[in-house]
Amino acid sequence: MIQRLYIAVMFLASVGVTAQTRSFTVEEAVTFALDSNYTAINSRRDIAKAIKQKWETTASGLPQVSASLDYNYQIKQPTQLIPAEFTGGEPGTFIPVVFGTQQNATATATLSQLIFDGSYLVGLQAAKTFLDYSKNANEKTQLEVRKGVINAYGGVLLAQESVAILDRNIANLEDNLKETKLIFENGFAEEEDVEQLQITYLSLQNQRANAKRMVVIAKQMFNLAIGVGVDEETVLKDSLESLAVPALGLLNDTVNIEQNVNYKIVNNLNEQRALELKLEKSKALPTLGAFINVGTFAGRNEFNFFDSDEKWFAQSITGFTLNIPIFSSGMRNARTAQAEIALDQAATQREETEQQIKLAYASAKSDHELAIDNYNTALENIKLAERIENKNQVKFREGLSTSFDLRQAQTQLYQVQQELIQAMLQIVTTKAELETILNVPNYTNN
């Protein structure tokens, strides 16, 4: 009985751990995502690969040591013919002779060292440039992850706020519908008045059901953005209103082109093209390498290579290799010209990127200003729509307006409510876009 109780307690504890929910502010969600987002994880792995690639390039110019062991067994040794007169035989005749041993083994070790190679020096610089590119690409990934998390966070809050607004509207409409039904039953209202309210009520019910489904989808998108299972339970601690704070300071800022991560990446491309040109030029230079080979040889008619009484014969050789390019029929010149053209193309692409960044900032700034205007307008409109709806409620109860007029006022109010929360989300997303372009959260040192 005690054992069963213990198992039950452990099961409940494991269920409690599994059902544990995660709660995030928007900044906590961003911090979590920078560590757990799938794209961010692979981006860090790209940096690790670049570091290893840099060492691979460096190691190719350092001393290289290799060893080999060769063994062969001659099933049938070749026979050579030598003149018989060498052994006192009859001139003009030959004697068959077998040279060498039936089993042979050779062990060698070789040390090689690159002394000079222009392409190796360029390769070292290229490896460093590639590492810088990987770091800048990781910075871009972190900025995009941050923006994606903020947008997904705002999407969840928008869906939840939509459900809350619809719940309030449905609760108010239920009271109106009950009251109108009672008035109709007492003969002081027409049946159409009830039917108009029922149409609005059913429409709001459908909207709420869809809004609840959208909350589930929005949360799954948020979970995917931060790097957890889409079915895990997450709770958002910030409100849409607290996030919808205009970034007025960014509107007065000027974009620092060199700080923008896209400009950093296009600079990496220019560095790479310059090194490719340097590489092609370096191929006209000679290359010099040195080596030393140490080995030993043994021949046996029986497999007794490990017998200490038998001899092994040492051998060694050293030297250097010098390759001097002389004539390539214009091939090297053609490759150098191609590299020069590619460098000019990269420079043009850098100028284009600079203009694109300026345009992107101007567009993002305009979008954020529009979002602020829409938000302020929606605040005013919702006050007006509420007053209009309240007036129509009073007129309807007093018999001074029709249910159709009331339904129009209610529909207008519901529309303005949605416009308000959409404007709030627009402030959040356009501010995130501005911060990304200006590289406000600078992740260079992370």
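Student: What relative accessibility does Lys358 have?
Tutor: Good place to start, and keep in mind that this is a predicted model. A residue is called partly exposed when its relative accessible area falls between the buried limit of 20% and the exposed limit of 50%. Lys358 counts as partly exposed, because its relative accessibility is 38%.

Student: Which residue forms a salt bridge with Lys358?
Tutor: Side chains of opposite charge can pair when their charged atoms come close. In this pair the closest N and O atoms are 3.9 Å apart, and the cut-off for a salt bridge is 4 Å. Both residues belong to helix H9 (residues 331–397), with four residues, or about one turn of the helix, between their positions. The partner of Lys358 is Glu354.

Student: UniProt lists residues 336–363 for "coiled-coil region". How far apart are the end C-alpha atoms of that span?
Tutor: The listing comes from an unreviewed UniProt entry, which also gives residues 156–214. In the model, residues 336–363 are 100% helix and 0% strand. From one end C-alpha atom of this span to the other, the distance is 40 Å.

Student: Which residue forms a salt bridge with Glu232, linking distant parts of the chain?
Tutor: Glu232 sits in the loop between helix H5 (191–226) and strand S6 (234–236). Its partner is in strand S1 (residues 22–24), 210 residues apart from Glu232. The closest N and O atoms of the two are 3.0 Å apart, and the partner is Arg22.

Student: Is Lys219 buried or exposed?
Tutor: Lys219 forms a salt bridge with Glu233, with 3.5 Å between the closest N and O atoms. Lys219 lies in helix H5 and Glu233 in the loop between H5 and S6, so the salt bridge ties together parts that are 14 residues apart in sequence. Glu233 is partly exposed at 42%. Lys219 has a relative accessible area of 18%, which is under the 20% limit, so Lys219 is buried.

Student: In what order do the four strands of the open sheet run?
Tutor: Strands of a sheet pair through backbone hydrogen bonds, either parallel or antiparallel. Here the pairing is antiparallel. The edge strands, each pairing on one side only, are S2 (64–73) and S8 (313–323). Ten bridges join S2 to S5, and the full order is S2-S5-S7-S8.

Student: How many bridges pair strand S5 with strand S7?
Tutor: S5 covers residues 103–116 and S7 covers residues 287–300. You can find two of the contacts yourself: Thr106 has Phe297 as its bridge partner in S7, and Thr110 has Asn293. The number of bridges in this antiparallel pair is 13.

Student: Which residue in S5 is the bridge partner of Asn72?
Tutor: Asn72 falls within strand S2, which spans 64–73. S2 runs antiparallel to S5. In S5, the bridge partner of Asn72 is Asn104.

Student: How much accessible area does the nonpolar patch with Phe303 have?
Tutor: Phe303 is in the loop between S7 and S8. With a relative accessible area of 51%, Phe303 passes the 50% limit and therefore counts as exposed. On the surface, Phe303 forms the patch with Tyr71, Tyr73, Ile75 and Phe306. Together these residues have an accessible area of about 680 Å².

Notes: Residues are numbered from 1 along each chain as its sequence is written. This is a predicted model: local features need pLDDT of at least 70, side-chain atom pairs count only at pLDDT 80 or more; totals for chains, interfaces and linings use all residues. Side-chain values use heavy atoms; hydrogens and water are left out. Two strands pair if DSSP finds at least two bridges between them. UniProt positions are given in the numbering used here, feature names are shortened, and annotations may be inferred rather than shown by experiment. Patches are made of residues with over 30% relative accessible area and no salt bridge: like charges are joined within 9 Å, nonpolar side chains (Val, Leu, Ile, Met, Phe, Trp, Tyr) within 5 Å. Accessible areas come from the Shrake-Rupley method with a 1.4 Å probe; for residues, only the protein chains shown count as cover. A salt bridge is a side-chain nitrogen of Lys or Arg within 4 Å of a carboxyl oxygen of Asp or Glu. Buried means under 20% relative accessible area, exposed over 50%, partly exposed in between (1.4 Å probe, protein chains only).
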